[in-house]
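Subject: Handover of a protein structure

Dear colleague,

Please find below the structure that I am handing over to you. My findings follow it, and I would ask you to read them with the structure open.

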Amino acid sequence: MKLDFIIGLMNLNLGNIIMIFIGILLIYLGIKKEYEPLLLIPIGFGALISNIPMSGITDIGGFLYFIKHYLLETGIIPILIFIGIGALTDFGPLISNPKSFLLGGAAQLGIFIAIMCAALIGFNINEAGAIGIIGSADGPTTIYTAAKLAPHLLGPVAVSAYSYMALVPIIQPPIIKALTTKKERTVRMPPTLRTISKREKLLFPIIITIISGLLVPTATPLIGALMFGNLIKESGVTNRLARAAQNELIDISTILLGLGVGSTMKADFFLTPTTIIIVIIGAIAFSAATAGGVLMGKIFYLITKGNFNPMIGAAGVSAVPMSARVVQKIAAEEDPENFLLMHAMGPNVAGIIGSAIVAGILIGLIS
């Protein structure tokens, strides 16, 4: 056996070194800064081991190859994660305040702006759709859509999406403050929401699945998985399934997702000008999504004659529950006795549904 087949060091190039450093950086951000540690640590470690020369770990027969090829590119992992998310999500704030759907819908503005930016730069329509979905601020939805529309961009698109999701507490506050006045930020909302009956909670996932499935059939895999997870949670008679979805299923899926995304970060494919452009467009998409939600909140503020806090619209991006917590934090800074968290959770979970429907529309129209 030749020496260069057993010593990776002899085959290490500058690209490998840079990507190993990036992998370590992601691990550092996950551990030290606690930025999305459940994802950044597996992604970072996946990137690290994928860039060790001669390991064969991403080649046919390597275990990261099987994860990427059979679980990521088929969209299986994002769907399993959506079952887990559904089992963890309380749609009560959304059912209590249905106009939250409008806020969640407005926050999808970033998707369409990013698509236009990508198309103007020269990406084809499939690639533009895959890049634009970064604006959904929803990792599983982004990966599912990118795998369907432009699997060769899966790595930079996924890393860009999760990086910006981790940076929600840094990105959103200046945008929210720039678009609102102090008077608007200090608007108080009712301290409690309407109490939701068990029947409403049971009917919600079934009705949403039927309506969204009939209107946008290609959104059914994501919406159906999300609502199935929620139904086994709310039914009260499948507690074992709900617990499995909330814990083992989503944990195992998250590990595989992270390692799979990391495996797409090989230097040869990742260190290109295209990646830099995607990261820049991702920032535009995320910012526009936040702005879209806030602007819709300002419309509510005007309609209600000042009785709606427009910051709540920023939670329409589907980074749950981080966006809602950002809104609450800013509200508390302005008025320590102002509690917006439950009001912000409505558009926050509406954003999950909205982004899945938009993903279905894109897949249906483009693929």
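**A324 and its surroundings**

Leaving out residues up to four places away in sequence, A324 touches A315, L341, A344, M345 and N348. Please bear in mind throughout that this is a predicted model. A324 lies in helix 18. Is A324 buried or exposed? Its relative accessible area is 0%, and since buried means under 20%, A324 is buried. The C-alpha atoms of A324 and L340 are separated by 8.2 Å, although the two residues are 16 apart along the chain.

K329 is also a residue of helix 18, which spans residues 322-334. Its relative accessibility is 56%, and because exposed means over 50%, K329 counts as exposed. K329 can be related to L340 as well: eleven residues separate them along the chain, and their C-alpha atoms are 9.0 Å apart. Helix 18 therefore holds a buried residue, A324, and an exposed one, K329.

**The protein as a whole**

The protein contains 19 helices and zero strands. Its radius of gyration is 21 Å, close to the 21 Å that the globule rule gives for 367 residues, so the protein is as compact as a globular protein of that length. Taken along the principal axes, the box filled by the C-alpha atoms is roughly 75 × 45 × 40 Å.

How many of the 367 residues count as buried? The share is 54%. The exposed surface of the protein is about 16,100 Å², and carbon and sulfur atoms supply 70% of it. Among contacts between residues at least 6 apart in sequence, 77% join residues at least 24 apart. As for charge, there are 23 positive and 18 negative side chains, and the centres of the two sets lie 7 Å apart.

**The nonpolar cores**

In soluble globular proteins, nonpolar side chains tend to be buried together. The largest nonpolar core in this model has 101 residues, and F91, I131 and L257 touch the most other members. Helix 19 (residues 341-366) gives this core its largest share, twelve residues. Apart from this core lies another, of eight residues, including I27, L48, I57 and I67.

Which residues does I131 meet, once its neighbours within four places in sequence are left aside? I131 is in contact with A118, F123, L153, V157, I278 and I281.

**The loop between helix 8 and helix 9**

S136 is found in the loop between helix 8 (125-132) and helix 9 (139-149). With a relative accessible area of 1%, S136 is buried. Not counting residues up to four places away in sequence, S136 touches Q108, I111, T141, T142, S318 and S355.

A137 lies in the loop between helix 8 and helix 9 too. At 1% relative accessibility, A137 counts as buried. A137 has a positive phi of about 55 degrees although it is not a glycine.

**A second positive phi**

K305 likewise is not a glycine, yet it has a positive phi of about 55 degrees. K305 lies in the loop between helix 17 (273-303) and helix 18. Here the relative accessible area is 77%, so K305 is exposed.

**Two further alanines**

A166 is placed in helix 10 (residues 154-166). It is buried, with a relative accessible area of 4%. Beyond the residues up to four places away in sequence, A166 touches Y35, E36, L40 and M322. From A166 to L29 the C-alpha distance is 9.3 Å, while the two are 137 residues apart in sequence.

A267 has its place in helix 16 (residues 267-270). Its relative accessible area of 7% is under the 20% limit, so A267 is buried. Where in the sequence are the contacts of A267, leaving aside its neighbours within four places? They are G15, N16, M19 and N51. The C-alpha atoms of A267 and M19 are separated by 6.0 Å, with their positions 248 residues apart along the chain.

Yours sincerely,

A colleague

Key. Residues are numbered from 1 along each chain as its sequence is written. This is a predicted model: local features need pLDDT of at least 70, side-chain atom pairs count only at pLDDT 80 or more; totals for chains, interfaces and linings use all residues. Side-chain values use heavy atoms; hydrogens and water are left out. A nonpolar core is a set of buried Ala, Val, Leu, Ile, Met, Phe, Trp, Tyr and Cys residues joined through side-chain atoms within 4.5 Å. Buried means under 20% relative accessible area, exposed over 50%, partly exposed in between (1.4 Å probe, protein chains only). Helices (H or I, at least four residues) and strands (E, at least two) are DSSP runs, numbered from the N terminus. Contact means heavy atoms within 4.5 Å. The radius of gyration is taken over C-alpha atoms; the globule rule is 2.2 Å times the number of residues to the power 0.38. Accessible areas come from the Shrake-Rupley method with a 1.4 Å probe; for residues, only the protein chains shown count as cover. Lys and Arg count as positive and Asp and Glu as negative; His and the chain ends are not counted. The place of a charge is taken as NZ of Lys, CZ of Arg, CG of Asp or CD of Glu.
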